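Take a look at the fold below. The tour starts with a pocket and then moves on to helix pairs.

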Amino acid sequence: MSLDSITTSVDEAVSGLFEPIAKWLGEVIFYSVEVGGTQLPLIVAWLVVAGLVFTGWFGFVQVRKFKLALDVVRGKYDEKGSAGEVNHFQALTAAVSGTVGLGNIAGVAVAVSIGGPGATFWMILCGLLGMATKFVEVTLGVKYREVHADGTVSGGPMHYLPKGLADRFGEGGKKFGKVLAILASAMVLFFGLFGGNLFQVNQSYAQLVSVTGGEDGLLGSSAGALFFGILIAALVGIVLLGGIRSIANVTSKLVPAMAGIYIAACLVVILVHVTAVPAAIATIIEGAFNPQGVAGGVLGALIIGFKRAAFSNEAGLGSAPIAHSAVKTKHPASEGLVALLEPFIDTVVICTMTALTIVIANPASWNEAREGKSIGGVTITSDAFATVLPWFPYILTIAVLLFAISTVLTWGYYGEKAWTHLFGRSRGSVLSYKVVYTVFAVAGSLLTLQTLIDMADAVLFMLAVINIIGLYLLAPVVKRELNSFLEFVRARKAGEITEDDDDQESAKTTI
């Protein structure tokens with residue numbers, strides 16, 4: 001039996017077994033209601049409302065403290081002797097690498113095809129709101145992280161939900177939090193294996209095949225797929241063995257590189273069509289409030305934009321705090337401020353650059369997609385770049401590979417923390433996880449397992465329901481931590497404490 005027939009049989013068997021479950025789960029998690037003639041998934045409303053609430057609760061922290069967040073990333077307020085494994089910049093790039101991916105390339109193209117150019121405006125707005133949610137969840141992640149005897153750190157919703165709820169509500173909160181922690185761990189692990197690993201490898205392999213001659217090309221055979229899977233698995237396995245320090249070292253180089261390549265290409269297209277920029281911006285703004293040919297009109301464009309942004313930056317899902325928790329700091333809110341830069345980078349910058357490039361270049365495939373023709377998002381984005389850069393599919397392939405590898409690495413770390421919370425931190429347990437994860441990377445180039453990937457998406461957004469309830473209940477804790485860090489910043493600026501004050505106690509303040 002050939003490898004192709006084996007993989008086809010596995011795909012069909014898995015689809016037949018899990019399709020009913022995936023369909024039911026998707027209908028529950030992504031349940032939609034009709035609003036103004038278009039469908040609004042309630043999970044998107046849940047995420048957007050959280051962004052609105054936390055933006056108000058913390059007084060537009062994403063605007064007022066944006067410069068301070070940049071200063072923290074630069075290391076201006078670092079403290080010697082802080083527990084943790086990585087610096088602020090490395091923690092940020094590790095977390096960003098888990099969110100920046102194919103959704104920024106393909107998903108945005110689909111959004112501006114269905115929701116029109118105006119979807120870009122609402123996408124930006126949702127990204128700005130998500131900054132506040134990210135600030136809250138990451139502050140809690142660092143506040144309630146667990147620093148182990150060997151100096152390694154574990155954090156995320158599986159830690160701050162039980163510990164935080166116990167702090168605020170006693171024994172009953174602790175018991176409830178433990179149940180939530182187990183559920184959160186299972187959800188993170190499931191998505192990590194299928195969405196953060198298998199899907200990323202599968203899509204990057206598909207893009208690589210498309211630029212190397214298709215199915216008749218060098219990598220089009222099942223042997224080529226196996227070779228690619230083993231190569232990616234080997235790279236991922238080597239980095240994972242080094243833990244978050246190794247992952248952060250890689251992502252701190254990969255993320256700027258891949259973002260730089262992609263943004264540079266966007267700028268080339270924009271500069272070539274620079275005279276069309278004012279008209280494109282006007283089209284986006286007009287399309288946000290007076291869209292043409294969009295189901296549901298303004299609400300339709302708004303929902304599509306919010307949906308793309310919410311699915312892209314993962315604010316409120318509880319995944320990013322796992323990476324950020326490893327940061328070296330004595331003030332949890334310092335990393336919360338760093339984290340609010342994530343949705344800005346992912347959605348406000350990269351997603352917007354993609355949308356603006358498509359609107360300005362105005363490729364034929366985009367217009368065909370807006371008329372209802374089924375065209376892949378990657379194709380539309382690639383065609384937009386090809387109007388200026390005919391060789392861009394090769395650059396896009398490099399970008400996709402970098403996006404995919406960094407995402408696989410970061411979700412490998414997230415999955416490990418979920419695994420160890422469920423099965424313990426013994427050497428055998430950790431090694432078992434890393435073997436399982438690398439095997440999934442190999443399978444990614446051979447199998448589609450679309451049904452399980454659809455389930456993984458639903459499971460991850462189910463985590464958002466649990467996580468955001470916890471964020472609401474623990475918001476007062478975040479307020480105290482923010483005030484504490486702001487007092488520390490004031491004291492540092494006044495010269496009352498210095499960078500060398502390794503053992504200085506955190507300044508106390510009142511809400």
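How much space lies in the second largest pocket? In this predicted model, the space there comes to about 350 Å³. Its lining is built from 16 residues. Those nearest the centre of the pocket are Y205, G220, A225, S445 and L446. Four helices each give two or more residues to this lining: α1 (3-29), α8 (157-210), α9 (222-241) and α19. The largest share, four residues, is supplied by α8. By class, the pocket lining holds six nonpolar, seven polar and three charged residues.

One of those lining helices, α19, leads to the next site. Helix α19 covers residues 427-446, and its axis comes within 10 Å of the axis of helix α18, residues 392-423. The two axes cross at roughly 140 degrees. Angles over 145 would count as roughly antiparallel. This crossing angle therefore makes α18 oblique to α19. The crossing of α18 past α19 is right-handed. On the α18 side, the contact is formed by V408, W411, G412, G415, E416, W419, T420 and F423. Facing them in α19 are S429, V430, S432, Y433, K434 and Y437. Seven nonpolar, five polar and two charged residues make up this contact of α18 with α19.

Now turn to helix α7 (residues 119-143) and helix α12 (residues 297-313). Their axes come within 7 Å and cross at roughly 45 degrees. Because of that angle, α7 is oblique to α12. Again the handedness can be stated: α7 passes α12 in a right-handed crossing. From α7, the residues in contact are A119, W122, M123, L125, C126, G127 and K134. From α12 come V298, A301, L302, I304, G305, F306, R308, A309, A310 and N313. The class count for α7 with α12 is 12 nonpolar, three polar and two charged residues.

The last pair is α2 and α20. Helix α2 spans residues 42-57, and helix α20 spans residues 450-493. Their axes come within 10 Å. How are these two helices set, roughly parallel or roughly perpendicular? The axes cross at roughly 10 degrees. Angles under 35 degrees count as roughly parallel, so α2 is roughly parallel to α20. The α2 face of the contact consists of I43, W46, L47, V49, A50, V53, F54 and W57. The α20 face consists of F461, A464, V465, I468, I469, L471, Y472, A475, P476 and K479. Which classes make up this contact? There are 17 nonpolar residues, no polar ones and one charged residue.

How values were computed
Residues are numbered from 1 along each chain as its sequence is written. This is a predicted model: local features need pLDDT of at least 70, side-chain atom pairs count only at pLDDT 80 or more; totals for chains, interfaces and linings use all residues. Side-chain values use heavy atoms; hydrogens and water are left out. Axes are lines fitted to C-alpha atoms, for helices over the stretch in contact, and angles run from 0 to 180 degrees between N-to-C directions. Angles under 35 degrees count as roughly parallel, over 145 as roughly antiparallel, 65 to 115 as roughly perpendicular and the rest as oblique. A crossing is left-handed if the near helix is turned anticlockwise from the far one by less than a right angle, and right-handed if clockwise. Contact means heavy atoms within 4.5 Å. Ala, Val, Leu, Ile, Met, Phe, Trp, Tyr, Cys and Pro count as nonpolar, Asp, Glu, Lys and Arg as charged, and the others, Gly among them, as polar. On a 1 Å grid over the protein atoms alone, a cavity is a set of points where a 1.4 Å probe fits but cannot get out, and a pocket is an open set with protein on both sides within 12 Å along at least five of seven lines; lining residues have an atom within 4 Å of a point. Grid points are joined across faces, edges and corners, and a volume is the space filled by probe spheres set on the points.
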